[in-house]
Amino acid sequence: MIESDSDRIRAGTGNEPAKLARPGGWMGNNVRVRFAPSPTGYLHIGGVRTALFNWLYARHHNGVFILRIEDTDRERSTEEAIHAIIDGMSWLGLNWDEGPFRQVDRLARYNEESERLLSEGKAYKCYCTPKELEERRKVALERKEVPKYDRRCLTLTPSERQACEARGLRPVTRFHCSDEGVTVINDIVKGEVIFENKNLDDFVMLRADGIPTYNFAVVVDDHDMRISHVIRGDDHLSNTPRQVLLYQALGYSTPEFAHLPMILGPDRTRLSKRHGATAIEAYRDEGYLPRALINYLALLGWGYEDQTLFTKDELIQKFSLEGVGKSPAVFDPAKLEWMNGVYIREFSVEELAELIKHFLRNAGLPLEMYEEAWYRKLAEITQERLTKLSDIVGLSDFFFHRVQYETGAVQKVLKKEGVPEVLEKAVEILSDNALEFYSYEIEKRLRGLVEEMGLKAKLVFQPIRVAITGRTVSPPLFETIELLGRDATLERLGEAIHLLELADG
RNA sequence: GGCGCGUUCGUCUAGUGGCCUAGGACACCGCCCUCUCAAGGCGGAGAUCACGGGUUCGAGUCCCGUACGCGCUACCA
């Protein structure tokens, strides 16, 4: 999907507006949507959900999905974050048709539109310093007044302006909002929302260094990129009237808006770093599957009848903005885990074996100890026990190194009456060369032992399990023995017997 | 403070005026299966649809108010 990150990122470079492909005219539709993250941190769950809804909407309508990096915050934007976004989207299979565009590459274009507004008297230069602004805001707040910019620079005379310039003050450009009337947003998910213009103030559209602020850049970009539907988090709803006013001032037609409800943490505040792993990479590293993440995230804010499991194609086919709910959703890791397990169980053993090896390798285990076929068997016996792929490590690391007894396992299982005898008999059985070392044969013989000793099966199998795995919980015993191999099994049994003798003496 | 949005089982949701004595999924509990853990099967508990008023023959569904939560109110996005 990505030919070369750097090439892609440069796609919008130049002093001219980025070249934008024509809409997919052959289908006769013009749905063009975008995901526009700011690269100020990693790609998080909330962002992915927004990206996903945009992507689904585009794919459902055979439209165009655009990736745009909103990097106008020069302080906090990083190249690293841009790569994290690109990698994350690629990994999830949320492929984009145009971009990634970067706003820093389009500075000349914002400036051009800003000049136009300036010359039409719809915007003005403001020389107030951040410090002064901050001070006035504080005072207003103390007096319980609404902290609004007082427009003192709106009426600056040319000579006053010159005086400011002479003092070395670098102006920002403010958009002049009308106090009259109302701005109505017809939001696809929220419905009609009415804002009184008098509650808006003259916000900064171009900073002193010529870099646009969000509200301005987003409008120019969405227009230039001919975005038909702006689908984004509803934290942007309150900003929408400012943008609509800009659309009108610039003579642009407005797109459709669809504001998605937020994703919340368990404390019901917007999901963030504070809530633990929210970076998409963290989920990838823990062994969550893209299809599980996508399925789960699709259900956060959207639903389709009673269905909970969806393939990507079904999602594309069934998704609609009308099906998006209005209220925020709490992110539930437990349900994601369950769903991930469901998808893990759908893999063939060949597929799962490959995935599993990757995680074992990352854990530093010596993969070369075993052959291909061995890993397929491992996959087979662990498949229904995995909820995340990384679980494979804790479930099977004992195959790769000496037994480390789990705390309590020895006391609870091994140091019980009759255990040495059980283990010794097991050694006897398993060292019999007439025994073909396959789980089925092993099971037959060991069950014979159970019968012979007249014990409950558990009392025979649990000691053996602890002896060879060090744990009270493991994959099925007979398969585990087969996979461990005769030598290692006998060795471990022997060690356990020895351990018990020492304890006795 | 102002403005905006939201409110159905613990969680995600179905529900668009009568089919709702409110359905499904996760989580939880019990039973079955069973060498452990899972997976699977069966069953259970869990929501006076935030609260209060209306409209209507009839409201979770429409209207108004209140409460609570969240968001915006930056030379962040």
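Start by selecting Arg174: its bridge partner in strand E8 is Val204. Keep in mind as you click around that this is a predicted model.

**Stop 1: strand E5 and its partners**

Widen the selection to all of E5, residues 172–175. On the E8 side (residues 204–206), the two strands pair in the antiparallel sense, with 2 bridges. Now bring up E4, residues 123–126, which also pairs with E5 in the antiparallel sense, this time over 4 bridges. Arg174 turns up again here, standing opposite Tyr124.

Next, switch on the E5 side chains. In a regular strand, side chains alternate between the two faces of the sheet. Are the two faces of E5 covered or open? Both are covered: Val172 and Arg174 are buried on one side, and Thr173 and Phe175 are buried on the other.

**Stop 2: the cysteines**

Select the cysteine sulfurs. How many disulfides are there in the whole structure? A search finds 0. Cys153 is in no disulfide, and its nearest cysteine sulfur, in Cys128, sits 3.7 Å away. A disulfide needs the two sulfur atoms within 2.5 Å, so that pair does not count as one. Cys153 is buried, with 7% relative accessibility.

Hop over to Cys164. The closest cysteine sulfur to its own is the one in Cys153, at 6.4 Å, which is too far for a bond. Cys164 is buried as well, at 12% relative accessible area.

**Stop 3: where H4 crosses H7**

Show helix H4 (residues 107–119) together with helix H7 (residues 214–224). Their axes come within 10 Å and cross at roughly 105°, so the two helices are roughly perpendicular to each other.

For the contact itself, pick Arg109, Tyr110, Glu113, Ser114 and Leu117 from H4. From H7, add Phe216, Ala217, Val220, Asp221, His223 and Asp224, which they meet. Colour by residue class and this contact splits into 5 nonpolar, 2 polar and 4 charged residues.

**Stop 4: Phe257**

Last selection: Phe257, in strand E10 (residues 256–260). Is Phe257 buried or exposed? Phe257 is buried, with a relative accessible area of 5%.

Which residues does Phe257 contact, leaving aside neighbours within four places in sequence? Select Ile185, Asn186, Asp187 and Ile188, then Val230, Arg232, Thr240, Val244 and Tyr247. To finish, draw a C-alpha to C-alpha distance from Phe257 to Ile185: the two are 72 residues apart in sequence and 7.8 Å apart in space.

Methods
Residues are numbered from 1 along each chain as its sequence is written. Chains are lettered from A and ligands numbered from 1 in the order in which they are written. This is a predicted model: local features need pLDDT of at least 70, side-chain atom pairs count only at pLDDT 80 or more; totals for chains, interfaces and linings use all residues. Side-chain values use heavy atoms; hydrogens and water are left out. Axes are lines fitted to C-alpha atoms, for helices over the stretch in contact, and angles run from 0 to 180 degrees between N-to-C directions. Angles under 35 degrees count as roughly parallel, over 145 as roughly antiparallel, 65 to 115 as roughly perpendicular and the rest as oblique. Contact means heavy atoms within 4.5 Å. Ala, Val, Leu, Ile, Met, Phe, Trp, Tyr, Cys and Pro count as nonpolar, Asp, Glu, Lys and Arg as charged, and the others, Gly among them, as polar. Buried means under 20% relative accessible area, exposed over 50%, partly exposed in between (1.4 Å probe, protein chains only). Two strands pair if DSSP finds at least two bridges between them.
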